[in-house]
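Visitor: Could you walk me through this structure? I'd like to stop at a few individual residues along the way.

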Amino acid sequence: MTGSRIGSSRLVRAFVGFAAWVGLVAASSLATAQTLQQVVKERGLSQQDVLAAAKTYVPTGERDDYIAFSSGGQSGMVIVYGIPSMRILKYIAVFNPEPWQGYGFEEESKAVLAQGRMNGRDITWGDTHHPAISETNGDYDGKYLFINDKANPRMAVIDLHDFETKQIVVSPVFQSEHGGAFVSENTEYVIQAAQYAAPLGGEYSPLERFNEDYRGGVTYWKFNREKGRIEPGNSFSLELPPYSQDLSDFGKLASTGWSFTNSFCSERYVGGIERGRPPFEAGCSAKDTDYLHVINWKKAAQVAAAGKTKTINGHKVIMMDTAIAEGILFLIPEPKSPHGVDVSPDGEYIVISGKLDSHTYVYSWKKIKAAIDAKNFAGKDPYGIPIIDLKTVLHAQVPLGLGPLHTQYDSKKGIAYTSLYVDSMVARWDYINGKLLDRLPIHYNIGHLMTMHGDTVKPRGDYLVSLNKLAIDRFQPVGPLHPQNHQLIDIGSDKMQLLYDMPLPLGEPHYSVAIEAGILKPGVRYKVGTNTRTGEISPHKTRAGEERIERNGKKVTVHGTLIRSHITPEIIEVDEGDEVTIHLTNLERAEDQTHGFTVGKYNVNGSWEPGKTATVKFTADTPGVFPYYCTEFCSALHLEMQGYLLVKPTGYKAKVGDLMPKEEYTKADYEKQVKACVDTQAVINGVVEYITGRDYQAHPVAAALFEDAAEQLGYAEGPKKKAEEEAAKGNYHSATLWAGQWWQYQVKAADLGLRAKTNLEQAGAGPAKK
Ligand code: K7E
Ligand code: CUA
């Protein structure tokens with residue numbers, strides 16, 4: 001099913017619903033029918049508002065058609081939300097520690113953040129700009145997400161199986177970066193272009209040697225799809241002139257094998273207002289044009305593989321002279337201070353807008369290729385790179401409005417959308433025939449814009465999101481720092497319609513990408529014992545019954561488990577100064593049964609999704625009593641999911657005996673508890689009979705719940721046996737407590753079983769197959 005079909009079927013449903021309401025209103029004066037009218041009147045809504053609401057409303061329990069991944073700007077994160085509801089679904093921590101996900105608190109995730117260290121320094125934030133979804137044959141495949149860090153030139157890999165950051169790679173050559181992440185048609189490479197020129201590799205050189213020593217460049221990170229990781233050793237860069245390389249895009253279909261990177265400040269101007277020089281902004285926009293870099297990356301990869309490179313910080317760099325000699329690097333003038341460079345879905349056209357030029361330029365790939373093949377060049381730049389004559393490759397120059405920036409494509413051939421920063425508008429236009437079709441005001445100062453699969457070979461149309469730089473008066477004021485404003489626009493009909501304003505209170509998003517929700521196939525649980533950051537089974541995987549505390553000198557190692565509603569072990573006793581390592585495994589199989597773990601005052605915290613094993617470490621340098629607990633409200637007895645870390649002061653002498661409960665419970669208490677267990681078991685048996693009497697295997701959700709219930713019930717066996725043994729010895733106090741634990745497992749099993757039963761009832765499940 002295509003996205004537009006999903007989208008339009010939802011619209012059809014919405015309209016049918018709306019028409020039914022209107023029909024009711026017309027047909028009678030039913031109290032319920034009046035309500036819609038009343039609400040519309042009371043709230044002062046226009047018909048247009050009601051239509052917008054109907055187009056964006058996703059009824060409770062239903063899901064969105066598309067999932068958007070937005071950069072989180074200076075938050076260092078990625079924001080995930082649904083379209084058309086614009087409901088936020090997740091923040092993915094990438095370059096920054098984030099306690100809710102345990103990221104940067106658990107040792108396994110600290111190791112990921114540590115990959116992003118620079119010059120021996122922890123960098124605990126990032127300026128994320130451009131997310132890219134992995135592609136197969138030029139369309140999103142929903143497997144991986146890449147995102148760049150502009151401030152600290154790095155690239156991160158997020159696995160969309162669990163929406164977790166798995167890898168961070170540091171640029172070995174650049175001092176800053178902007179034109180990434182963009183992927184090739186089959187995700188062979190992820191591109192990352194430098195921004196502000198500096199000596200490659202990070203050496204010092206005075207600004208007086210800007211033209212000689214300062215350089216830009218573009219890196220092609222090799223992605224290994226099987227491993228789901230970038231391979232720095234197989235990656236390479238291209239040395240480029242100090243032209244402030246900006247955004248990039250890969251060619252596709254017609255232009256496959258090529259990539260495009262534009263630039264600003266090809267003037268190579270160096271400011272220094274305090275030294276009496278005109279500022280950067282004046283000198284960097286003096287010329288009418290800058291340069292588009294056209295790179296034959298397939299050939300560049302061969303050149304790099306052949307070793308025709310210089311090694312800088314252990315990284316292969318194709319120097320400009322080699323690139324020129326090998327015929328893999330060309331320049332074309334482009335409109336002044338451009339920002340986006342966006343290749344059309346068929347790869348035939350390249351659209352570039354200059355922020356300071358009111359025309360958007362459409363380049364013809366055929367013409368570019370012909371000029372390259374015929375060596376039809378207008379000259380060379382100061383570094384000897386051939387310059388293609390703009391006139392010979394320009395397809396159209398279209399005046400769209402002021403401050404054009406980025407372009408995205410529609411499902412309809414030849415239709416594109418370009419953001420107009422200065423005009424605060426979205427322009428819809430025909431790039432093949434060079435015609436402006438429609439303009440829609442937005443609020444305010446649009447940067448990037450995004451259509452569904454809008455940078456792939458197969459854009460889906462349906463919706464456009466305008467990523468605005470300013471919100472100003474759109475929302476209730478929350479202090480001088482305003483939220484961002486993402487505006488949803490319907491592009492499904494001839495006239496664009498603004499549907500919804502979404503405040504985004506996290507960083508300043510730059511680019512976003514949106515994928516059909518159905519393509520994503522995230523998991524709901526891990527194999528028990530998984531180190532989620534490597535995907536491998538942890539050597540510290542711990543099953544029920546294997547929990548232990550071991551001491552080796554000053555090192556105390558705990559192997560523990562988490563399951564509703566207890567942490568095993570429940571008491572950890574160490575000596576002042578001990579180095580404590582706690583490996584925990586969440587034994588749950590049930591969907592959404594995450595547990596947290598924290599030890600107060602020790603900055604220890606983590607998040608354990610079903611099946612995950614992760615580790616926290618600390619030095620017990622403060623003696624005292626430190627309660628630990630689960631931070632997720634995971635069951636009715638969540639508050640009781642607790643324990644104690646006891647840190648004995650050096651030289652402490654015991655004052656009291658051991659931890660023996662008072663004898664309180666009697667034979668009568670025990671029998672009462674056992675009766676509760678027997679009654680509960682009868683309820684469970686009824687539920688089991690209902691479920692197994694139906695074809696529950698045909699209902700995956702019910703089947704998973706039932707399986708989980710059976711597992712929980714299995715855990716009841718141990719305490720039941722202990723209760724009976726204690727009772728046989730006449731230890732009714734202990735027997736009552738164990739019977740209580742037996743009952744806890746039954747209650748959890750019953751809870752899950754009843755959910756499975758309800759699920760089957762709602763699905764109208766038929767009788768079991770014989
Ligand atoms: Cu803000 Cu693509 Cu970094 Cu444009 S970028 S607006
Ligand atoms: Cu586990 Cu609360």
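**A surface patch and other stops**

Visitor: Let's start on the outside. Which residues form a nonpolar patch on the surface?

Guide: This is a predicted model, and in it L402, Y421 and V422 make up a nonpolar surface patch whose accessible area together is about 260 Å².

Visitor: Where is Y421 found?

Guide: Y421 sits in the loop that runs between β25 (415-420) and β26 (425-430), and with a relative accessible area of 33% it is partly exposed.

Visitor: OK, zooming out: how many helices and strands does the chain have?

Guide: The chain contains 13 helices and 44 strands, and its C-alpha trace spans about 100 × 80 × 55 Å along the principal axes.

Visitor: And what share of the residues is buried?

Guide: Of the 770 residues in the chain, 55% are buried. The accessible surface of the chain amounts to about 33600 Å², with 55% of that belonging to carbon and sulfur atoms.

Visitor: What about contacts in the chain between residues at least 6 apart in sequence, how many of them join residues at least 24 apart?

Guide: Among those contacts, 63% link residues that are at least 24 apart in sequence.

Visitor: Let's go to E108. What is the nearest side chain of opposite charge?

Guide: That is K612, which lies 7.3 Å away, and E108 has no salt bridge although it is buried. A salt bridge would need a side-chain nitrogen of Lys or Arg within 4 Å of a carboxyl oxygen.

Visitor: So which side chain does E108 have a polar contact with?

Guide: The side chain of E108 makes a polar contact of 2.8 Å with that of T615. Leaving aside residues up to four places away in sequence, E108 touches N531, R533, T613, A614 and T615, while E108 itself belongs to helix α4, which covers residues 107-115.

Visitor: Another glutamate, then: what does E508 touch?

Guide: Not counting residues up to four places away in sequence, E508 touches S71, G72, G73, Q74, K469 and Q484. E508 is placed in the loop between β31 (497-504) and β32 (512-516), and its C-alpha atom is separated by 6.5 Å from that of Q484, with these positions 24 residues apart along the chain.

Visitor: And E725, how far apart in space are E725 and Q38?

Guide: From C-alpha to C-alpha, E725 and Q38 are 68 Å apart in space, and in sequence they are 687 residues apart. E725 is part of helix α12, residues 700-728, and is partly exposed at a relative accessible area of 42%.

Visitor: Switching to backbone geometry, which peptide bond ending at a proline is cis?

Guide: The bond from T568 to P569 is cis, with omega near 5°, and P569 has its place in the loop between β37 and β38 (571-575). The peptide bond from R564 to S565 is also cis, with omega near -10°, and S565 falls in the loop between β36 (555-563) and β37 (566-568).

Visitor: What is phi of L253 near?

Guide: Phi of L253 is near 45°, which is a positive value in a residue other than glycine. L253 lies in the loop between β12 (245-250) and β13 (258-263), where it counts as partly exposed at 47% relative accessibility.

Visitor: And H453, is it buried or exposed?

Guide: H453 is buried, its relative accessible area being 0%. Its phi is near 55°, a positive value in a residue other than glycine, and H453 is found in the loop between β28 (446-452) and β29 (461-468).

How values were computed
Residues are numbered from 1 along each chain as its sequence is written. Chains are lettered from A and ligands numbered from 1 in the order in which they are written. This is a predicted model: local features need pLDDT of at least 70, side-chain atom pairs count only at pLDDT 80 or more; totals for chains, interfaces and linings use all residues. Side-chain values use heavy atoms; hydrogens and water are left out. Helices (H or I, at least four residues) and strands (E, at least two) are DSSP runs, numbered from the N terminus. Buried means under 20% relative accessible area, exposed over 50%, partly exposed in between (1.4 Å probe, protein chains only). Lys and Arg count as positive and Asp and Glu as negative; His and the chain ends are not counted. A polar contact is a pair of N or O atoms within 3.5 Å; within protein, one must be able to donate a hydrogen and the other to accept it, and residues adjacent in sequence count only if both atoms are side-chain atoms. Contact means heavy atoms within 4.5 Å. Patches are made of residues with over 30% relative accessible area and no salt bridge: like charges are joined within 9 Å, nonpolar side chains (Val, Leu, Ile, Met, Phe, Trp, Tyr) within 5 Å. Accessible areas come from the Shrake-Rupley method with a 1.4 Å probe; for residues, only the protein chains shown count as cover.
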